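This briefing goes through selected local features of one protein model. Please keep the sequence and the 3D view open while reading.

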Amino acid sequence: MKYVSTRGTAPELEFEDVLLAGLAEDGGLYVPENWPKLSQDTIKAFASKPYTEVAFDIMVPFIGSDLDEATFREVIEEAYASFEHPAVAPLKQLDTNQWILELFHGPTLAFKDFAMQVLARLMDIALQKRNQRATVIGATSGDTGGAAIEAFRGREAIDIFILHPDGRVSDVQRKQMTTATEKNVHNIALQGTFDDCQALVKALFNDLEFRQQVSLAGVNSINWGRIMAQIVYYFTSAVALGAPHRRVSYSVPTGNFGDIFAGFVARKMGLPINKLIIATNVNDILARTLETGHYQPQGVVATQSPSMDIQVSSNFERLLFELSNREAPRVCALMDSLKENRAFSLNESELGQFRQGFSAERVLENAMKNTIGEVYKTAEYILDPHTAIGFAIANNDEQHNNDIPMITLATAHPAKFPQTVKDVIGQDPPRPKQLSARFDAQERYDVLPNDFAIIKAHLLEHSAVNKQI
């Protein structure tokens, strides 16, 4: 399997090189040169297989010959052995044809664990094979950082630096990052928004001399390895409800567009997905783009669903590549317009394809809280704020065909947002054992300004790769 950049001028790479590169040298994002296709018989057979076997079958075409199959099976088994539920990604029925896909049974209680536990092991193997070290960097609006640190902590060949917006993640999300004691973990609380964090990460990757100096690698969903691992649970959940002979729909709490893009890929691979709903809060750039064809970031509004407080959705570039029929010059023109004019517009064909493949709705704070309260009252089930937004849209979709199952992705455990939940239902959500040790542990992080030079100097000072030079 070869990978190409969405901007067309970076060299084609094999999987292992894409894994370690993260962002392409031309500033684009890597995608496979073609999408693997699965037959209906192959998809149907997933119904009798455990999650780990389906994960192998879905992901192995993307890896090619870079890793032997026995080692890759071991990676998958180890990655999902840390999940508390035997089904790994179980479905919970809340209404006649409304389902919740619980993606919070991993070590940090968020869907990011599905990809991060695999990604860390694959990167570790690749670096050991090459006798190299890497400096891993990521930006987080809440859950990515905790999942990345949990997966990479203590790995000898890797230093991990995570930037989070100071004061804009929940206390639980922050403590899941900042209580790690391993020397290879470095937390930065940036005085800015998540979009500022993400922009700095991209800027560091685009500084090619610095990138080479510290062997920079990425763990945000700009890294194809993240998307690849998230495709799997679309297949397992759909097959559990009758696919491939029955269509399914998904409502996906969306921030950086990675999780829902994985659903788009699943559809490309042959999964009969009827609807992919972009569920968003007041930071509704994707809903506005679908309505108007005009992509224009506005100021980020802090909400009680912080992982969705994003105005620049990085993975949307991968979809733009597909909407433009993989014409890299067109993607470059759109990205140049975003950089220079802080906006771009889709043409008629691109907008038509976008609307054909997706729908989008926004849910404001009061409606989110009302949904948490109503679901708890009627089903005795507790939703976190992000999942509540997804479920509110799924449950109120008047155009939905009731014969088609609607699955809302539950992206985080409600215990990660205890105050929001308590304000609504009058009690704290149950606290899983994974969180208990975090609350009283000492935190360790640096508060730094939104300044490229200062962040770059900080990485140079603390990167073990740079110290070896």
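The points below cover aromatic pairs, helix packing, a covered helix and several loop residues.

The model is predicted. It holds 23 aromatic pairs, and one of them, Tyr3 with Phe15, is described first. Two helix pairs follow, α3 with α4 and α14 with α15. The remaining points deal with helix α11, a cis peptide bond between Ala243 and Pro244, and residues with positive phi, among them Asn131 and Glu380.

**Aromatic rings**

- The ring centres of Tyr3 and Phe15 are 6.3 Å apart and the ring planes stand at 50 degrees, so this pair is tilted.
- Tyr3 belongs to strand β1 (residues 3–5) and Phe15 to helix α1 (residues 15–21), so the pair ties together parts that are 12 residues apart in sequence.
- Tyr3 and Phe15 are both buried.
- A charged side chain also meets a ring: Arg73 lies over the face of Phe56, 3.7 Å from the ring centre.

**Packing of α3 and α4**

- Helix α3 spans residues 51–63 and helix α4 residues 69–81; their axes come within 10 Å and cross at roughly 135 degrees.
- The two helices, α3 and α4, are therefore oblique to each other.
- The crossing in which α3 passes α4 is right-handed.
- On the α3 side, the contact is made by Tyr51, Thr52, Ala55, Phe56, Met59, Val60 and Ile63.
- On the α4 side, the contributors are Glu69, Phe72, Arg73, Ile76, Glu77 and Tyr80.
- Phe56 and Arg73, the ring and the charge described above, both appear among these contact residues.

**Packing of α14 and α15**

- Helix α14 (residues 316–323) packs against helix α15 (residues 328–341) at an angle of about 135 degrees, with the axes 9 Å apart.
- This pair, α14 and α15, is therefore oblique.
- The crossing of α14 and α15 is right-handed.
- Glu317, Leu320 and Phe321 of α14 make the contact with Ala328, Val331, Leu334 and Met335 of α15.

**Helix α11 and the loop after it**

- Helix α11 (residues 232–240) is mostly covered, with eight of its nine residues buried.
- The buried residues of α11 are Val232, Tyr233, Tyr234, Phe235, Thr236, Ser237, Ala238 and Val239.
- Gly242, just after α11, takes a positive phi of about 115 degrees.
- Ala243 and Pro244 are joined by a cis peptide bond, with omega about 10 degrees.
- Pro244 sits in the loop between α11 and β9 (248–253).

**The loop between α5 and β5**

- Asn131 is placed in the loop between α5 and β5, and its phi is positive, about 55 degrees, although it is not a glycine.
- Asn131 is exposed, with a relative accessible area of 72%.
- Gln132 is also placed between α5 (112–130) and β5 (134–139), and at 40% relative accessibility Gln132 counts as partly exposed.
- Neighbours within four places in sequence left aside, Gln132 is in contact with Leu127 and Ala157.
- The C-alpha atoms of Gln132 and Ser215 are 8.7 Å apart in space, while the two residues are 83 apart in sequence.

**The loop between α17 and α18**

- Glu380 is located in the loop between α17 (365–379) and α18 (385–395).
- The phi of Glu380 is near 55 degrees, a positive value in a residue other than glycine.
- Glu380 counts as exposed, at 71% relative accessibility.

Conventions:
Residues are numbered from 1 along each chain as its sequence is written. This is a predicted model: local features need pLDDT of at least 70, side-chain atom pairs count only at pLDDT 80 or more; totals for chains, interfaces and linings use all residues. Side-chain values use heavy atoms; hydrogens and water are left out. Rings of Phe, Tyr and Trp (its six-membered ring) pair if their centres lie within 6.5 Å; planes under 30 degrees apart count as stacked, over 60 as edge-to-face and the rest as tilted. Helices (H or I, at least four residues) and strands (E, at least two) are DSSP runs, numbered from the N terminus. Buried means under 20% relative accessible area, exposed over 50%, partly exposed in between (1.4 Å probe, protein chains only). A charge sits over a ring if NZ of Lys or CZ of Arg is within 6 Å of the ring centre and within 35 degrees of the ring normal. Axes are lines fitted to C-alpha atoms, for helices over the stretch in contact, and angles run from 0 to 180 degrees between N-to-C directions. Angles under 35 degrees count as roughly parallel, over 145 as roughly antiparallel, 65 to 115 as roughly perpendicular and the rest as oblique. A crossing is left-handed if the near helix is turned anticlockwise from the far one by less than a right angle, and right-handed if clockwise. Contact means heavy atoms within 4.5 Å.
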